[in-house]
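Me: I have a model open and would love to talk it through with you. Shall we begin with one of the sheets?

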Amino acid sequence: MFTVKTGFRNSGSISIDGHPLRDFDFFGASSEHEPIGKLHLSQGKHEISFEAKDKNPDSVGIKMGLIEMSLLNAAEQERRNASVNTLRDNWMYYGRSSGHGHRDSLNLGMHAFGLDLMPDLGYPEYASAIDTHRYQWVQNTISHNTVLVDKTKQQPQWVGQPKHFDDKERVKLMDAEAPNAYPHTELYKRTTAMIQVDDANSYTIDFFRVKGGSEHHFSFHGPEGTVTTEGLNLSPQESGTYAGTDTTYGVRPTGDSVDGPGYMGPGFHYLKNVERDTSPQASFSVDWDVKDTWKVLAKDEDIHVRLTMLGDFREVALADGVPPQNKPGNPKSLRYMIAQRSGENLDSLFTSVIEPYKQERFIHSVTSAEVTRNGNPANDSDVKAIKITLKNGRTDYIISALHSDITYIIDGKIEFQGFFGVYSEHNGHPVYGYVNDGTLIGPVGKPLASLPSGHLHGTVADFTRELSLQNEIIVNMDTAGIQPESLTGQTIYVENDGERNAAYRIHGVAPLDDGRFRLDIGNSTPIRKYADANDYSKGFVYDLAPGASFRIPLSAETEEALTTIASVAGEQRNGWYADDVTVTFEVYGTYSGTPITRFSLDGGTVWKEYAKPLVLSESGQHELQYQSEDGEGRKEPVKSLSIRIDKTLPTFEIKAGEAPVTNGMAWPDDKPFSLYLAAADAHSGIVEQSINVDGKPYEAETELDWAGQLGIHTIQVNVADAAGNRMSAEFIVRVETGPDSIRELLNRFEKDGELTAPLGVQLNAKLDQAEAHLSNGRAEEAIKHLQDFLKHLDNRGLEDGLSDRAKSVLATDADALIRQWSDNG
């Protein structure tokens, strides 16, 4: 589990199903993954409990903090380790940057292949007002993936201003501004989009615009790892830091702001091992060969993150920044790239492509595309187009424009009007178009994706004014031909006083009357705060007001190629389904008429027309071929899908030595044995098999010796196949004794040196006499001889001739035999 350890926490105990597992101390200064125990759990529901115990005398509170917990058996661990993680994301921070926050507005991060590829430095070494590393570096703007203006740390802000957000399948777009971070700038804006390449890969395009000031430093760092460059001619700086050759690492240069929390300088003196290129090319790349610093992956993998930048820069430098060193596992340093621009009333557009890849790059090239307006070159800071050529044959054009009402021509062939657009070709043929907050994108004169209006606008009429889990905004709005229900999932941005933003995700739309609509904004409240924190009767302060204007940016996308997607419904494990499988075909792309989908199953020569979901019920491997055709006879290539079904339970046979184990079987306690389990499965194969004896795991071929352990024993068997079918059984075994068993035990103990011969002779004689009397119907006499047998075991004169174990086993068996003969009377 991964816990939160701080000075506010105390110790606690962890138990499962009421059985104590271990005590755990939540008090401390660091957090990390820690094992809490290994326990064999039966199938079914179990309860894990955390109970606070003694308060640490140094703790200032009574808390326990749990971030993450995993409960995995061996099969799940193997499955997890073998699975391919295709999840990836970008995040942008535009929230509060005061208090515990960092001055990191518009900071950018990324995860891919299971790793944090642009890690934040996190919590400082010490939350202290005199920790210079905290205020001059960790909290500073330059240590984050954002832009430093005029060598000054960002001003604190409560929140920035989100402007666009979209979550399409191929394009994930976010756009925000932070006007309070640098109040003297005209624009401080970041537009970032993640573009899907295939199921496993995406790249990120990043446009960071800054207008104002005279110096802009674009800071970027990847994870720990070896860094290489392309397009840079770097020269090592012989001494000093990024602040200059005459500066010392960690020592604030003279005249560089002030010490303590009031420090507002650039923090350059915390960047060391500097290399500089004072005449960088207009296009260069920096590649981080990623080290799995926190051992997240099951094995080492060849993962990289590559930054490619386009633009005019005065200087590009690489330098080492040091993250907090008292956090377990943190690297000694991270390699930073700093791209600098300077000039009067500076207008910068930092354009970057971030490519996370495994083993081999999927991008072939990144170049700027020509942008014209009315036949003339367009202003680079107003609009930028990037051409990205992929190795799979696809070429993407990405366009970002500040003025969404202007029409631009890209590379002389693509027409675009909007805020953000993506246009894709494959071998020269248009295959995809996307436009956000705009009206068109596509070949000149032939829009591939278009909208009647790039956004909707109007005014607020009313809104939910009390605290509620269900909130709404009533708006006056002209839908401009847009279907109101299509606004679900979009975001409304309301103009307000700027103290907070008023951006709300739309969960539903209902038309009212006279051009009014009710927008469902879910559990997001328009309430900012109480008007008077000491008198609730005075009501609330709101983030919006009646009459306030708003915008709802719209987006459209079109995929050109006719293609059929087969969706398989059913729970799958290890590539197998354990129940009926339903296959649904859906046709995507541009086509004429009504498309027809045909399929052929299991190698059949007859193709059937698809009319309803296809249900596959029989166990085995099914080969499905399918193809769609549009109204003009255009066909896509034949596609195939392999579906494996296993609905049958696995089987097994368990033996005790050579004897099959059966429920209720009797077993003499003088005979040690080993258990042998043979499991079989007709389709998916056995992936898990286990034996528990009396509730404890049994290790294969271990000899079980139940001498003296008379009574009921249980043997539990669990077998599972790859599809998740599981067979479990419990066998009751009754362990018994008798004269023959006791004789065999006497012989064994004498052979093993646990019983001397003289005592063995006496014990055997008493046993023979007892059995002889019993056979002649003299049970009382037989019992007396068994009692004499017990007296011999307690004979102090012969106690050196008998081990404690042998004595205990023989006494247990003799007592059991006495009870048995007494009962039989």
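Me: In what order do the 6 strands of the open sheet come, and what is the sense of the pairing?
Reply: Happy to help, and please keep in mind that this is a predicted model. The 6 strands make an open sheet with antiparallel pairing. Read across the sheet, the order is 9-14-21-20-17-16.

Me: Which are the edge strands?
Reply: An edge strand here pairs on one side only. That description fits the strand at residues 147–149 and the strand at residues 235–236. They are strand 9 and strand 16.

Me: Which residue is the bridge partner of Ser235 in strand 17?
Reply: Strand 17 covers residues 271–277 and pairs with strand 16 in the antiparallel sense. There are 2 bridges between these two strands. For Ser235, the bridge partner in strand 17 is Arg276.

Me: Why does Pro236 count as exposed or buried?
Reply: Pro236 sits in strand 16. A residue is called buried under 20% relative accessible area and exposed over 50%. Pro236 counts as exposed because its relative accessibility is 62%.

Me: Leaving aside neighbours within four places in sequence, which residues is Pro236 in contact with?
Reply: Pro236 belongs to strand 16, and strand 16 pairs with strand 17, residues 271–277. Ala319 is 83 residues from Pro236 in sequence, with 9.8 Å between their C-alpha atoms. Contact calls for heavy atoms within 4.5 Å. Once the sequence neighbours within four places are set aside, the contacts of Pro236 are Val274 and Glu275.

Me: How many bridges join strand 53 to strand 56?
Reply: Strand 53 spans residues 651–656 and strand 56 spans residues 673–680, and the two run antiparallel. One of the bridges links Thr651 with Ala680. The number of bridges joining these strands is 6.

Me: Which residue of strand 59 is the bridge partner of Ser674?
Reply: Strand 56 also pairs with strand 59, residues 703–704, in the antiparallel sense. This pairing has 2 bridges. In strand 59, Ser674 is matched with Glu703.

Me: Stepping back, what is the radius of gyration of the protein?
Reply: The protein has 6 helices and 61 strands, and its C-alpha atoms fill a box of roughly 125 × 80 × 65 Å along the principal axes. For a compact globule of 825 residues, the radius of gyration would be near 28 Å. The value for this protein is 38 Å.

Me: What share of the residues counts as buried?
Reply: The accessible surface comes to about 39800 Å². Buried residues are those under 20% relative accessible area. Of the 825 residues, the buried share is 47%.

Notes
Residues numbered from 1 in each chain as written. Predicted model: local features only at pLDDT ≥ 70, side-chain atom pairs only at ≥ 80, totals over all residues. Heavy atoms only, no water. Helix = DSSP H or I, 4+ residues; strand = E, 2+ residues; numbered from the N terminus. Rg over C-alpha atoms; globule rule 2.2 N^0.38 Å. Buried < 20%, exposed > 50% of the residue type's maximum accessible area, 1.4 Å probe, protein only. Areas by Shrake-Rupley, 256 points an atom, 1.4 Å probe, with all protein chains shown as cover. Pairing = 2+ DSSP bridges.
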